[in-house]
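Me: I'd like to learn how to read a few features of a model like this one. Can we go through them together?

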Amino acid sequence: MNHTNIYQLRRGRRLQWEPVQGCHVILYPEGMVKLSASAGAILEQVDGQQNVSDIIHTLCQHYPQAEPSELVRDVEVFLAEAYDNGWLHLREEKHHVR
Amino acid sequence: MSADHASVVPSVTPPLWLLAELTYRCPLQCSYCSNPIDFHRYHQELDTQAWCDVLRQGRGLGAAQLGFSGGEPLIRKDLEVLVEEARSLGFYTNLITSGVGLDVKRVNALSAAGLDHIQISLQAADPDLASALAGSKKAHANKLAMARAVKDAGYPMVLNVVIHRQNIDQIGDIIALCDQLGADEVELANCQYYGWAFLNRRQLMPTRDQLKRAEDETRRWRERLQARGRDMTLHFVVPDYYEKQPKPCMGGWGSIFMTVAPDGAVLPCHSARELPMSFPTVNDLTLHDIWYQSDAFNRFRGTAWMPQRCQQCDQHSVDFAGCRCQAYLLTGDMTDTDPVCEFSPHHAALESMVEDAQVIRVLESGAIPRNVHMARQQTSTKDSE
Ligand code: SF4
Ligand code: SF4
């Protein structure tokens with residue numbers, strides 16, 4: 001994965017903390033997926049501003065006890081998956097609906 | 001909430017979905033409408049404040065997805081206010097509309113209020129057939145214009161077409177129209193037989209041949225679209241009368257879904273009103289008490305209520321013995337196995353109903369339009385039976 005990539009949630013996808021469920025969820029038309037704690041923490045940093053290496057850096061600061069190489073792998077794997085699921089688009093891409 | 005109640009149903013989890021049926025009023029008269037046949041009896045609608053309260057309570061319980069439907073939800077002048085309230089509470093807001101009553105100004109107002117998603121329904125590709133099916137001449141052209149307006153406002157264009165005997169042979173034209181409109185997603189939803197659709201099932205049920213041809217045509221269209229690099233998703237939803245295992249209706253009774261009807265009745269699904277039981281309303285009880293403690297919501301939770309056949313079957317955690325409304329409509333017993341199941345003693349009768357569709361060539365009589373006049377007539381014949 002290119003660490004200069006900047007990702008952003010696609011229009012119609014929303015990340016949100018659900019107090020009743022006790023987890024982050026991603027919401028989309030007529031559906032939602034519950035996220036694990038680490039997936040929620042990563043996606044929270046996906047703001048259309050930070051690139052992948054910024055996100056890794058931020059998370060390293062938030063979770064100093066985490067093994068950096070594992071954290072890098074977790075971020076890469078999750079972002080790739082989120083992109084494949086159609087939750088994210090690459091910011092450089094021309095924005096298109098859907 | 002008393003502890004003894006909580007221990008009766010320890011496994012109840014919070015609802016995730018709230019469907020707000022804002023009104024049963026509708027300018028169209030679709031014969032496949034799933035609204036209750038006696039919808040005219042529930043004309044006393046919750047007002048804006050009461051709906052806002054319902055939204056707050058539902059969100060507090062944990063629901064995150066919200067659908068606004070009806071009837072035609074656009075008839076409610078306060079729709080924008082309700083969308084704004086829902087959005088500020090953190091709901092993901094979906095509007096399910098026929099597009100009638102929509103104009104560019106309203107699309108923009110809804111978008112400004114924070115509406116997340118709009119789904120517009122079409123009846124057919126051909127304007128004459130569309131107006132015959134919906135009982136309105138102007139509706140079709142307006143729908144097409146609104147589908148475009150929705151897309152111009154930055155939403156994906158998501159179209160829903162209810163497929164049945166009278167439009168299924170035109171499925172290719174329907175897909176072509178959606179393609180031409182620039183749709184992003186098209187749901188070709190075969191009619192499910194509840195409410196008015198159940199009443200009109202003889203006119204609506206396609207033959208197995210028709211269904212097969214429609215499925216093949218949809219497949220060919222998918223290939224064509226893909227070859228052109230056109231990103232339009234086609235969902236073909238098979239009617240479950242033609243299946244051998246029932247669908248897990250609403251993900252299980254009282255498990256993730258609640259509907260609030262226009263008059264404030266709270267239902268585990270939008271057609272449950274057809275069942276011979278009574279449902280609590282938000283005028284009398286809180287949504288919390290209704291979800292966790294009401295007899296109605298607890299009635300078909302778990303497996304104890306199921307017939308032996310389903311209790312002993314390893315599929316009961318997958319399909320929850322099927323749909324209660326379908327069991328009731330087809331067997332007269334709402335606690336029976338859904339007759340879609342091949343192990344139901346009523347399955348053969350359902351299959352022969354499907355086979356009968358084969359022999360009903362032309363419509364011997366037209367479908368009954370869904371309107372207040374016919375509702376009165378239907379319910380008075382029912383009452384006098
Ligand atoms: S199915 Fe047709 S008649 Fe029924 S609510 Fe929808 S648009 Fe109105
Ligand atoms: S017997 Fe009951 S549980 Fe088993 S498949 Fe049929 S409906 Fe489902």
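Me: Let's start right after helix H10 of chain B: which residue follows H10(B), and what is the sign of its phi?

Reply: This is a predicted model, so read every value here as computed. The residue after H10(B) is B:Gly229, and its phi is positive, near 70°. The end of H6(B) gives another case: B:Gly154 follows that helix, with a positive phi near 100°.

Me: Which residues have a positive phi although they are not glycines?

Reply: B:Met250 is one of them, with a phi of about 55°. You'll find B:Met250 in the loop between E7 and strand E8 (257–260) of chain B. B:Ala321 is another, at about 70°, and B:Ala321 sits in the loop between helix H14 (316–319) and H15.

Me: Are B:Met250 and B:Ala321 buried or exposed?

Reply: Count C-beta neighbours inside 10 Å; 20 or more makes a residue buried. B:Met250 has 23, so B:Met250 is buried. B:Ala321 has 28, so B:Ala321 is buried too.

Me: Back to H10(B). How do I check a helix's length against its residue count?

Reply: Work out the span expected at 1.5 Å a residue, then compare it with the distance between the end C-alpha atoms. For the 20 residues of H10(B), 208–227, the expected span is 28 Å and the ends are 29 Å apart, so the two agree. For the 14 residues of H6(B), 139–152, 20 Å is expected and the ends are 20 Å apart, which agrees as well.

Me: Which residues of H10(B) are buried, and which are exposed on the other side?

Reply: Start with the general idea: an α-helix has 3.6 residues a turn, so residues three or four places apart point the same way. In this helix the buried residues are B:Leu211, B:Ala214, B:Glu217 and B:Trp221. They cover an arc of only 125° around the axis, which puts them on the same side of H10(B). On the other side there are exposed residues, including B:Asp209, B:Lys212, B:Arg219 and B:Glu223.

Me: What do the buried residues of H10(B) pack against?

Reply: E5, H7 and strand E7 (233–237) of chain B. Take the H7(B) partner: H7(B) and H10(B) pack at an angle of about 30°, with their axes 9 Å apart. That makes H7(B) roughly parallel to H10(B). The crossing is right-handed. At the contact, B:Ile171, B:Gly172 and B:Ile175 in H7(B) meet B:Ala214, B:Glu217, B:Thr218 and B:Trp221 in H10(B).

Me: And which residues of H6(B) are buried, and what do they pack against?

Reply: The buried set is B:Ala139, B:His140, B:Lys143, B:Met146, B:Ala147, B:Ala149 and B:Val150. Their packing partners in chain B are helix H4 (104–112), strand E4 (117–122), helix H5 (127–134), strand E5 (158–163) and helix H7 (171–181).

Me: Now a single residue: where does B:Leu329 lie, and what does B:Leu329 touch?

Reply: B:Leu329 lies in helix H15 (residues 324–331) of chain B. Leaving out residues up to four places away in sequence, B:Leu329 touches B:Phe198 and B:Glu274. With 19 other C-beta atoms within 10 Å, B:Leu329 counts as partly exposed.

Me: One last feature: where is there a cis peptide bond?

Reply: Look at omega. The cis bond joins B:Gly70 and B:Gly71, where omega is about 20°. B:Gly71 is in the loop between strand E2 (65–70) and helix H3 (79–89) of chain B.

Notes:
Residues are numbered from 1 along each chain as its sequence is written. Chains are lettered from A and ligands numbered from 1 in the order in which they are written. This is a predicted model: local features need pLDDT of at least 70, side-chain atom pairs count only at pLDDT 80 or more; totals for chains, interfaces and linings use all residues. Helices (H or I, at least four residues) and strands (E, at least two) are DSSP runs, numbered from the N terminus. The expected span of a helix is 1.5 Å times one less than its number of residues. A residue is buried if 20 or more other C-beta atoms lie within 10 Å of its own, exposed if 12 or fewer, and partly exposed in between; C-beta atoms are placed from the backbone. Two residues are in contact if their C-beta atoms, placed from the backbone, lie within 7 Å. The arc is that of the directions from the helix axis to the C-beta atoms. Axes are lines fitted to C-alpha atoms, for helices over the stretch in contact, and angles run from 0 to 180 degrees between N-to-C directions. Angles under 35 degrees count as roughly parallel, over 145 as roughly antiparallel, 65 to 115 as roughly perpendicular and the rest as oblique. A crossing is left-handed if the near helix is turned anticlockwise from the far one by less than a right angle, and right-handed if clockwise.
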